[in-house]
Amino acid sequence: MEFHKIGIIGGGISGIAAAKQLSKHEPVVFEATDSIGGVWKHCSYRSTKLQTPRCDYEFSDFPWTQRDNVNFPSYQEILDYLYSYATYFDVLKFVKFKSKVVEIRFVGDREKSGEFGTLLSGQPVWEVGVQTNQSENIQWYAFEFIVICTGKYGDVPAIPKFPTNKGPEIFKGKVLHTIDYCKLKEDESTQLLKGKKVVIFGYKKSAIDLAVECAEANQGEEGQACTMVVRTLHWTVPHYSVWGLPFYMFYSTRASQFLHERPNQGFLRSLLCHMLSPMRKAASKTIEYYLTWKLPLEKYGLKPEHPFEEDYASCQMAILPDNFFSEADKGNIAIKRSTSKWWFWEGGVQFEDGTKLDADVVVLATGFDGKKKLKSIIPDPFRSLLEFPSGMMPLYSVSNLHTAEIRCKWLSQLVDEQFKLPSVEKMLDQTSKEMDIMKRSTRFYKRSCISTFSINHSDEICEEMGWSSRRKKNWISEIFSPYSSQDYQEDK
């Protein structure tokens with residue numbers, strides 16, 4: 001059994017960031033595939049693009065060469081950027097490719113597991129079983145500390161359950177999940193969709209992008225319309241401006257986030273937040289009016305009944321491809337709204353109300369089961385933390401695009417004993433407060449999104465590291481400018 005200080009599971013954005021920040025400890029990074037990149041490599045279509053400006057998705061010490069380019073970068077551009085970063089900081093030498101973690105064992109002292117002293121004690125605490133090159137043999141490694149960077153998306157698809165004898169097995173066409181579609185080469189995906197009756201279940205980013213690819217493959221007289229079955233509506237946006245104002249002004253500055261509830265805000269701050277709630281609702285209504293005016297949502301029955309801010313608070317907002325509604329107008333994309341149960345018949349899919357859709361191909365854009373992926377490797381008693389009564393995952397530090405790198409900096413300083421974790425009680429209290437806020441902010445709270453108080457969350461990370469939480473050059477920028485990774489280059 002090989003012994004190392006730190007093991008990192010996953011070679012995506014967070015895994016590579018963690019490897020760079022922990023590089024002096026020479027970590028071992030286990031990547032199940034033959035490439036770094038995570039979902040950008042293995043769960044992307046040829047048309048997949050980032051949903052935020054590139055300057056909002058970069059490492060603090062490695063800016064994009066064209067960071068002011070207003071076009072959203074493609075998945076290939078993001079992969080190239082990540083490889084450039086990993087090469088520049090010599091991180092790839094830590095990565096073991098085609099090394100899938102299949103089991104983790106806790107071999108530390110259970111009685112002391114609740115005490116946070118020296119995290120690198122010199123003794124093995126975790127044993128990690130790894131399958132290499134799809135071999136049945138398992139190689140075991142021992143670590144003092146492990147970092148799990150497997151993410152919530154990819155690997156394990158969420159598949160609907162069907163009644164007996166009404167599942168995919170009776171369908172004479174082809175059924176696949178979006179993760180299977182991502183594995184196809186361009187000519188294979190085009191051939192799969194061209195001239196076929198395609199039904200897509202879902203209305204998030206992967207489903208929307210796939211519908212456009214299907215429409216583009218079915219141009220001309222022989223083309224077939226692609227039908228999207230939309231079960232849960234969410235707000236979609238065409239670009240990052242509203243009535244000519246940059247989108248970040250509504251939700252991504254201190255001024256805008258001041259309107260939203262945040263943890264540990266005290267009685268007066270809570271009272272003020274309540275008094276300012278009309279402004280918060282007005283911001284949401286402004287965006288809703290704009291989207292209803294800009295997009296034919298009512299025409300296609302795609303206008304949600306819930307406020308826009310609930311989708312933003314749960315990270316459900318999707319950027320539409322430019323030609324989504326133009327293809328719908330041409331009849332290449334059809335929309336079917338249905339909240340009823342459904343199943344397969346030999347010629348397609350059938351709904352509880354008796355209606356049927358003929359299909360040659362059915363694609364399930366039904367998301368991924370991140371909990372199942374974690375539960376397959378995390379040992380007891382830690383596995384029980386994934387089964388919380390609310391259905392949420394209780395995390396002391398929640399990740400989003402802005403915090404992935406700063407959390408790795410936080411982790412590096414924690415390992416190096418530059419600060420100590422709070423007590424278990426305090427961390428649980430903090431976690432409970434954040435989850436309560438998520439519940440009050442959106443009906444989709446189980447996604448554990450911190451978008452409406454992300455700056456406050458980063459402030460708390462900075463304060464734990466002993467950094468100043470005010471990162472801008474002047475108070476005007478501090479209040480009205482959005483935060484990015486560049487603001488967290490080093491302590492200021």
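Me: Which residues bring helix 1 and helix 3 together?

Reply: On the helix 1 side they are I13, I16, A17 and K20, and these meet L82, Y85 and A86 of helix 3. By class, this contact has 6 nonpolar residues, no polar ones and 1 charged. Keep in mind as we go that the model is predicted.

Me: How do you know that these residues of helix 1 and helix 3 meet, and what makes 1 of them charged?

Reply: Contact here stands for heavy atoms within 4.5 Å, and I13, I16, A17 and K20 meet their partners in helix 3 in that sense. As for the classes, Lys counts as charged, while Ile, Ala, Leu and Tyr count as nonpolar. K20 is on the contact list, so Lys gives the 1 charged residue.

Me: Why are helix 1 and helix 3 called roughly parallel?

Reply: Look at the angle between their axes. Helix 1 (residues 13-21) and helix 3 (residues 75-88) cross at roughly 15°, and their axes come within 11 Å. Angles under 35 degrees count as roughly parallel, so helix 1 and helix 3 earn that description. Their crossing is left-handed.

Me: Helix 1 also packs against helix 14, so to speak; what does its crossing with helix 14 look like?

Reply: The two axes come within 9 Å and cross at roughly 35°, with helix 14 spanning residues 403-415. This crossing is right-handed. S14, A17, A18 and Q21 of helix 1 meet A404, E405, C408, K409 and S412 of helix 14. That contact divides into 4 nonpolar, 3 polar and 2 charged residues.

Me: Why is helix 9 called oblique to helix 10?

Reply: Helix 9 (residues 266-275) and helix 10 (residues 277-294) pack at about 50°, and their axes are 4 Å apart. Under 35 degrees would count as roughly parallel, over 145 as roughly antiparallel, and 65 to 115 as roughly perpendicular. About 50° falls in none of these ranges, and that makes helix 9 oblique to helix 10. In this contact, C273, H274 and M275 meet S277, P278 and R280. The classes come to 3 nonpolar, 2 polar and 1 charged.

Me: Let's turn to the strands. What makes the pairing in the sheet of 6 strands mixed?

Reply: The sheet is open and has the order 3-2-1-6-5-4. Strands in a sheet can pair either parallel or antiparallel. Here, strand 4 and strand 5 (residues 126-132) run antiparallel, whereas strand 1 (residues 2-9) and strand 6 (residues 138-148) run parallel. With both senses present, the pairing is mixed.

Me: Why do strand 3 and strand 4 count as edges of that sheet?

Reply: In the order 3-2-1-6-5-4 they stand at the ends. Strand 3 (95-96) and strand 4 (99-106) each have a single partner strand, so one side of each is left without a neighbour in the sheet.

Me: How do you know that strand 4 and strand 5 pair?

Reply: At least two bridges are needed for a pair, and 7 bridges join strand 4 to strand 5. One example is R105, whose bridge partner in strand 5 is E127.

Me: Which bridges tie strand 1 to strand 6 and to strand 2?

Reply: Strand 1 and strand 6 share 7 bridges, and I6 stands opposite F145 there. With strand 2 (residues 28-30), strand 1 pairs in the parallel sense over 3 bridges. G7 has V28 as its bridge partner in strand 2. From strand 1 the chain passes through helix 1 to strand 2, and this β-α-β crossover is right-handed.

Me: What makes strand 7 and strand 14 the edges of the sheet of 5 strands?

Reply: That sheet is open, with parallel pairing and the order 7-18-8-9-14. Strand 7 (174-177) and strand 14 (333-337) each have a single partner strand, so each has one side without a neighbour in the sheet. From one strand to the next, the twist averages 20°. Within this sheet, 4 bridges join strand 8 (residues 198-201) to strand 9 (residues 226-230), and V198 has C226 as its partner. Helix 6 (residues 205-217) lies across strand 8, strand 9, strand 14 and strand 18, running at about 165° to strand 9.

Me: What stands out about K98 and P381?

Reply: K98 has a positive phi of about 50° although it is not a glycine, and its place is the loop between strand 3 and strand 4. D380 and P381 are joined by a cis peptide bond with omega of about 5°. P381 lies in the loop between helix 13 and helix 14.

Definitions and conventions
Residues numbered from 1 in each chain as written. Predicted model: local features only at pLDDT ≥ 70, side-chain atom pairs only at ≥ 80, totals over all residues. Heavy atoms only, no water. Helix = DSSP H or I, 4+ residues; strand = E, 2+ residues; numbered from the N terminus. Axes fitted to C-alpha atoms, helices over the stretch in contact; angles between N-to-C directions. Left-handed = near helix turned anticlockwise from the far one by under 90°. Right-handed = clockwise from strand over helix to strand, strands pointing away.
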